[in-house]
Amino acid sequence: MEKEEALLKVNNLEVSYDDIQILKGLSLSIQKGEIFGIVGESGCGKSTMLSAILNMMENGGKISKGEIIFEGKDISKYNKEEMRRLRGNRLGVVFQNPGETLNPSRKIETQFYEALRAHEKITKQEAGKIAADMLKRLNLEHGDKIIKKYPFQLSGGMNQRVALSLAMIMEPSLLLADEPTSALDVTVQAQAIGEMMKLRDNFGTSILIVTHNMGVISHMTDRFAVMYAGRIVECGDKNEILSNPVHPYTRSLLGAIPDFSGDMPTGLEGSPPPFGSIKCGCEFESRCPCCEGNCTTKELKLIDVSKGNVGKEHFAVCSKAG
Ligand SMILES: Nc1ncnc2c1ncn2[C@@H]1O[C@H](COP(=O)(O)OP(=O)(O)OP(=O)(O)O)[C@@H](O)[C@H]1O
């Protein structure tokens, strides 16, 4: 059976800030209704990838190569106005801190009204009803009362759910989520994850979630990619990677997760090399327990490490630990 056309396809994306290359030949694809995760430690380029997709890079940032195909069109060529129309309509976004999505000086109902009005003709009253309905669908009871409040009158967890509702109000086909649970209490984190998963079940929304938390990846995603120093080093089916991680960095990430046994997690010494300092070979070499002579010179390419498990995709740029 032929595979359905991907909803989002990022091909060989290269992004630099002030001429220093950050993203290195990044490729991924997301199917309709799929939850895809990107995991990696702080500074590996996760947010840069999302801002490139959204055309929201800060000054000095530019896409130097590659394409971003969303619903069949290369949106990396879109101008600001074309992107503005797409955001909030076909593409929803939720950030780590609800404060980045919500305006502190406007009532929730005004924010919904403005978001809806940007894409369709609507009265304040109609917008209020749609907003209250959406809040209810995301398990926020008394939506009619919540919309009358300002963000500071709600808890962090409630605000994040309001932000999620706002991102979903136009029922976008793809939700981009940048560390959406990191700023929340652990108990509320689980709730927010559950709610995002319901979006896929109830609306068929695809989700691209960026996180440094392997627990979130393991709980939420169908497939995921591990990023290190601006490059995808391992990607594929979630269960394949979690049960048989082959890249030494993925193994280190998994070894760093504390558990209830009382054993100390192994952790990972050192830090990634500064961007721009490694011109060829493997960026993980200085921290890698498995490195060999040619690691600093060989070209890095994702290779199929799936061991013939049909339908269970699994790629890595190195399989020395496999
Ligand atoms: N506005 C900017 N100007 C210059 N360089 C930037 C800018 N934003 C990001 N970078 C560079 O890109 C690198 C990756 O940053 P990015 O925020 O994408 O990483 P991240 O994996 O999302 O980190 P975190 O988990 O801490 O948010 C940074 O280390 C920095 O070198």
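**View 1. Packing of helix 4 against helix 5 in the predicted model.** Helix 4 spans residues 108-117 and helix 5 spans residues 124-137; the two pack at an angle of about 105°, and their axes lie 9 Å apart. Because of this angle, helix 4 is roughly perpendicular to helix 5. On the side of helix 4, the contact is made by E109, F112, Y113 and L116, while helix 5 contributes K124, A127, G128, I130 and A131. By residue class, the contact of helix 4 with helix 5 consists of six nonpolar residues, one polar residue and two charged residues.

**View 2. The surroundings of the ligand.** The ligand is surrounded by 15 residues, of which Y17, S42, K46, S47 and T48 are the closest. Helix 1, formed by residues 46-53, supplies the largest share of this shell, namely three residues. Sorted by class, the shell around the ligand holds eight polar, four nonpolar and three charged residues.

**View 3. The open sheet of four strands.** The strands of this sheet follow the order 2-1-4-5, and their pairing is antiparallel. Strand 2 (20-30) and strand 5 (73-74) are the edge strands, each pairing on one side only. Within the sheet, strand 1 (residues 8-17) and strand 4 (residues 61-70) are joined in the antiparallel sense over eight bridges. In this pairing, V15 stands opposite I63 of strand 4, and K9 stands opposite I69 of strand 4. Helix 1 packs on the sheet and touches strand 1, strand 2 and strand 4; the direction of helix 1 makes about 70° with that of strand 2.

**View 4. The hairpin of strand 4 and strand 5.** Strand 4 and strand 5 run antiparallel and are joined by two bridges. I69 has D74 of strand 5 as its bridge partner, and I69 also stands in strand 4 opposite K9. Two residues lie between the strands of the hairpin, where E71 takes a positive phi near 45°.

**View 5. The open sheet of eight strands.** Here the strand order is 6-7-8-3-9-10-12-11, and the pairing is mixed. The edges are formed by strand 6 (91-94) and strand 11 (303-304), each of which pairs on one side only. Strand 11 pairs with strand 12 (residues 314-316) in the antiparallel sense over two bridges. I303 stands opposite A316 of strand 12.

**View 6. Helices on the sheet of eight strands.** Helix 1 lies across strand 3 (35-39), strand 7 (174-178), strand 8 (206-211) and strand 9 (223-228), and runs at about 145° to strand 7. Helix 8, made up of residues 186-203, also packs on the sheet, where it touches strand 3, strand 7 and strand 8. The direction of helix 8 makes about 160° with that of strand 8.

**View 7. The region annotated as a domain.** For residues 8-254, UniProt lists "domain: ABC transporter" in an unreviewed entry. Over these residues the chain is 40% helix and 27% strand. The end C-alpha atoms of the region are 28 Å apart.

Conventions. Residues are numbered from 1 along each chain as its sequence is written. This is a predicted model: local features need pLDDT of at least 70, side-chain atom pairs count only at pLDDT 80 or more; totals for chains, interfaces and linings use all residues. UniProt positions are given in the numbering used here, feature names are shortened, and annotations may be inferred rather than shown by experiment. A residue is near a molecule or strand if its C-beta atom, placed from the backbone, lies within 6 Å of it. Ala, Val, Leu, Ile, Met, Phe, Trp, Tyr, Cys and Pro count as nonpolar, Asp, Glu, Lys and Arg as charged, and the others, Gly among them, as polar. Axes are lines fitted to C-alpha atoms, for helices over the stretch in contact, and angles run from 0 to 180 degrees between N-to-C directions. Angles under 35 degrees count as roughly parallel, over 145 as roughly antiparallel, 65 to 115 as roughly perpendicular and the rest as oblique. Two residues are in contact if their C-beta atoms, placed from the backbone, lie within 7 Å. Two strands pair if DSSP finds at least two bridges between them.
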